[in-house]
Amino acid sequence: MRNSAAALEQLFLPAECLLCHALLADCDTNRLVCPVCRHRWRAVRPPWCERCGQPEPHFGPCRLCAEWPAALSVVRSAVWLSDGAREAVHALKYGGLPRIAEDLAAAIAAVSLATDEASVLVPIPLAPKRLRQRGYNQSDVLARALSRFWKIPVVDTLIRSRETATQTALTPETRLANVAGAFRASARAAGALTPGWQPGVNKPWPHLVLVDDVFTTGATLAEAARALEQAGARTIYGVTFGRAVIPNFT
């Protein structure tokens, strides 16, 4: 009965790709982006900085991640923020379409963090005012979609401690200042993060994987990692769907 209803809905209200408006096949009707548009997203590939994943030639230490907290060991992004990927992020962040997170998470799921250790996903939190305006936290929706691919839990160990200006038009230097002190670890972060996790029996902290929608300079991820490091975390990774080409602010 349910399949019949879905078939009728597809017949009379055919689903179309959010980006190119092509009709979606029956197997993709639960998605918002067609396979062709997803294939057009350009994967971020090496050579890159082994720590922050910035795929540019480096001579000496990478300046982008030189000031990151020691616990933030690896950050990777799935695709460049172009070729429809920017529109997909915009739909998630501003278009009121949290369901598109499934498409974005599928791209992130292909990213390898090279860890066999127990891990949990930690979404970057929104400030309460922005959360009320948007109705959901895009990073949380993305993390929960990713958890279905990676089969690891999502834990809310971070709290946004103050409002910050949007990072979009800020320089790398002002981005760092903008998010300084913007996060703190929750009370839960100091204790067991997952059911059955016993400090002193297992490791006191599993590996934490910060999840956000876009990486530009890494300022937000670094500040979030700093708060978790101060609370006791020792191994933190980061993943994002999109990676922006850093503007030339000079």
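User: In β5, which residue is the bridge partner of Leu121?
Analyst: Quick caveat: this is a predicted model, where local features need pLDDT of at least 70, side-chain atom pairs count only at pLDDT 80 or more, and totals for chains, interfaces and linings use all residues. Residues are numbered from 1 along each chain as its sequence is written, and side-chain values use heavy atoms, leaving out hydrogens and water. Five bridges join strand β2 (residues 119-123) to β5 in parallel; strands here are DSSP E runs of at least two residues, helices H or I runs of at least four, both numbered from the N terminus, and two strands pair if DSSP finds at least two bridges between them. The β5 partner of Leu121 is Val209.

User: And which residue in β6 does Val214 stand opposite?
Analyst: β5 also runs parallel to strand β6 (residues 236-243), with seven bridges joining them. Across from Val214 in β6 you'll find Gly242.

User: What is the strand order of the open sheet?
Analyst: There are four strands with parallel pairing. β1 (72-80) and β2 sit at the edges, each pairing on one side only. Reading across, the order is β1-β6-β5-β2.

User: Is strand β5 largely enclosed or left open by the rest of the structure?
Analyst: Count the buried residues, meaning those under 20% relative accessible area (over 50% is exposed, in between partly exposed; 1.4 Å probe, protein chains only). In β5 (residues 207-215), nine of the nine residues are buried, so the strand is largely enclosed.
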